[in-house]
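This report covers a sheet, a nonpolar core and the empty spaces of one model. The sequence and structure are shown first.

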Amino acid sequence: MIQKIRRITNLISNMGARYLFFRIFYTIKTKLGWQKKKFPVQPNFESYISLEKWRNNLPPFFFYGKNIPNLERGESSELLENFKDIQKGFFTFFNKTKIDLGANYDWLTNPDTGFKYDINKHWSEIQDLSSEAGDIKYVWEKARFSFLYDVIRYDYHYNDDQSKYVFGEIEDFINNNPINQGPNYKCSQEISLRVLNWTFVLYYYKDSENLTDVLFDKIMHHIFWQIHHVFHNIHFSRITVRNNHAITETLMLYLSEKLFPFFPDVKKWSKKGKKWFEQEIAYQIYEDGTFLQFSMNYHRVVIQLLTWGIQLAKINEDKFKDVVYNRAQKSLDFLDACSDSITGKLPNYGSNDGALFFKLTNDDYRVYTSQLEDLRAVLNEYTFNKSKSNLWYGVNPNQKEKQKQPEVNVFKKGGYYIIQEGATKTFIRCGAYKDRPFQSDNLHLDIWANGVNYLRDSGSYKYNTTLENINYFTGVEGHNTIGIEGYNQMLKGGRFIWYYWINKVKANLVKDQNTFKFEGSINAFKQLTRNIIHVRKINKTISKNTWKIIDSVNNKGSRKIYQYWHLNPDYLNEIEIVTKDCDGNILKPKIEEKWFSGYYGIKEKAIRLTFVTEKNTFNTTIRIN
């Protein structure tokens, strides 16, 4: 009982009373059916603007119709094959896995479990976390309509009109998803993305004969009520979630007047949306350009949203507060520092749900180059790498030579320390939390050399999966760090909750004549005792792929400590790891077959080395040959 009270007190301390009371009140309102009054089903149909008038008075957008200035048409076998798969009913889930949904998918069935949601239920009655239903993201994936970017790009590059198919998909969704009913109205971020993606479609196919007056009215009716839903549920994201969801939704509200000035209420929605968007950017992107979700994937989500927001504000002759542009540039600086210069990939660090909202190239999902360059083009009117994707945003930037990345990169606010020495990158995480953590992974170490991620993060796999998977992928056992006898650095609670956040850290990274030197310490494992300190020292020899690592765990008592190293199995013969205890005794590792998830929903076999000692120190040497 005492432990339970302690955890509740800690949760309130971490999340704040505002979060707690809003969550309680929101739950009560839902149970009492208040949400059904605020979010009506089958609202009266209204025509807001005629198709002809809309076509003749198009609000400013990236492009108008199928004329994309400066974008040369070019066929691609990968794009063609992907389009053919879509026509056959095979859709790419989470930007990696092909799943056969068939030609007549009902928008309600989870293809991973076969569970079908009840479309007659109000969205507030739908559970988004259910062992029977499985991961609801499998239902949301197609319904956000990001797959249409591949269809539109095929249409453009092959000059093969696909408007009938595209509008058929949108109309089929509308016919099978009544407003505010079923799983596809559960998440306001998914709704926001759907509206943005439908908007992209409407502008590209604005002149299509398949866009009839009746269909246009139907689409506009559903767009209005989807934005209505986002506005009236916005505080759930801004208070209880407060991450990339809130940025997506506030941006949608800001853009509502820019894209649909003929809708009622959009002036108010847009004004508030702009204010909230600016607040979310200022809060969620820290002063050093790092992001409060501690996730490369979700930071890219924000990069794409900033690209839309900044460019559409610009062409509408509007501006955000300076903090938006400042944090956008700082974000680019941070992600540039994290990027592998050879592959364009970033560490597989942090929560990774496979999100890539606006896919405008054939690049692999793990390659961030085009999305970073799109924002750079919009923000600065130049890019470092030539990319055709920014032309879709109405930008034709100059190309600028990228300056050499600094060797020592310190992002103290977010807690990232990066050594960039030629083609070798050493990525270290050491940070305190003022915002909700997703993983227990402090002092994790990633090593890249010549485009290969030798020591890597295991990934996320799925958010709704077995407890064993969740504990592995989110805990110390899935990262290159230290654990104590099965305990994580923080105590895992339900779903996305951790207790006893790490809030005391020290870290420093410097370069001397022969060595890069990092030293970081965290006050962790507070569920065991309050004064356990893990100190990790890393010395990287200049011009050699050799790292010497000292891990010390103080005040652990008699408990054993565990050191984990997750190796890329394709390059085992190129990496050597030797670990000794504090007396100089060589420790024999336990070589285990574990898991790696580079893409959401996919588990691949991987190799983990585990060292164990009853003493308090590991002395490790890592070499890449």
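## Strand 20 and its partner

Strand 20 and strand 23 (residues 617-624) run antiparallel and are joined by seven bridges. The model is a predicted one. Within this pair, Thr 579 has Thr 620 of strand 23 as its bridge partner.

The side chains of strand 20 alternate between two faces. Ile 575, Ile 577, Thr 579 and Asp 581 point to one face and are buried, whereas Glu 576, Val 578 and Lys 580 point to the other and are not buried. Thr 579 thus appears both as a buried residue and as the bridge partner of Thr 620.

## The six-stranded sheet

Strands 20 and 23 belong to an open sheet of six strands, ordered 15-16-17-18-23-20, with antiparallel pairing. Strand 15 (505-511) and strand 20 (575-581) are the edge strands; each has a single partner strand, so one side of each is left without a neighbour in the sheet. On average, and with direction ignored, neighbouring strands of the sheet are turned by 10° against each other.

At the edge formed by strand 15, the partner is strand 16 (residues 515-523), which runs antiparallel to strand 15 and is joined to it by seven bridges. Val 510 has Lys 517 of strand 16 as its bridge partner.

## The largest nonpolar core

Which residues touch the most other members of the largest nonpolar core? They are Trp 54 and Trp 308, in a core of 184 residues. Helix 14 (residues 296-315) supplies the largest share of this core, 11 residues. In soluble globular proteins, nonpolar side chains tend to be buried together.

Beyond its neighbours within four places in sequence, Trp 308 is in contact with Phe 61, Phe 62, Tyr 149, Leu 196, Phe 200, Leu 251, Leu 255, Phe 358 and Tyr 393.

## Cavities and a pocket

The structure has three cavities of 30 Å³ or more. The largest cavity holds about 90 Å³ of space. Its lining consists of Phe 438, Ser 460, Lys 462, Tyr 463, Ile 470, Thr 474, Lys 492, Arg 495 and Phe 496.

The second largest pocket holds about 470 Å³ of space. Of the 24 residues that line this pocket, Asn 82, Thr 92, Asn 95, Asp 150 and Lys 359 lie nearest its centre. Helix 5 (77-88), strand 1 (90-93), helix 6 (137-143) and helix 7 (148-158) are the elements that give two or more residues to the lining. The largest share, four residues, comes from helix 5.

Conventions: Residues are numbered from 1 along each chain as its sequence is written. This is a predicted model: local features need pLDDT of at least 70, side-chain atom pairs count only at pLDDT 80 or more; totals for chains, interfaces and linings use all residues. Side-chain values use heavy atoms; hydrogens and water are left out. Two strands pair if DSSP finds at least two bridges between them. Axes are lines fitted to C-alpha atoms, for helices over the stretch in contact, and angles run from 0 to 180 degrees between N-to-C directions. A nonpolar core is a set of buried Ala, Val, Leu, Ile, Met, Phe, Trp, Tyr and Cys residues joined through side-chain atoms within 4.5 Å. Buried means under 20% relative accessible area, exposed over 50%, partly exposed in between (1.4 Å probe, protein chains only). Contact means heavy atoms within 4.5 Å. On a 1 Å grid over the protein atoms alone, a cavity is a set of points where a 1.4 Å probe fits but cannot get out, and a pocket is an open set with protein on both sides within 12 Å along at least five of seven lines; lining residues have an atom within 4 Å of a point. Grid points are joined across faces, edges and corners, and a volume is the space filled by probe spheres set on the points.
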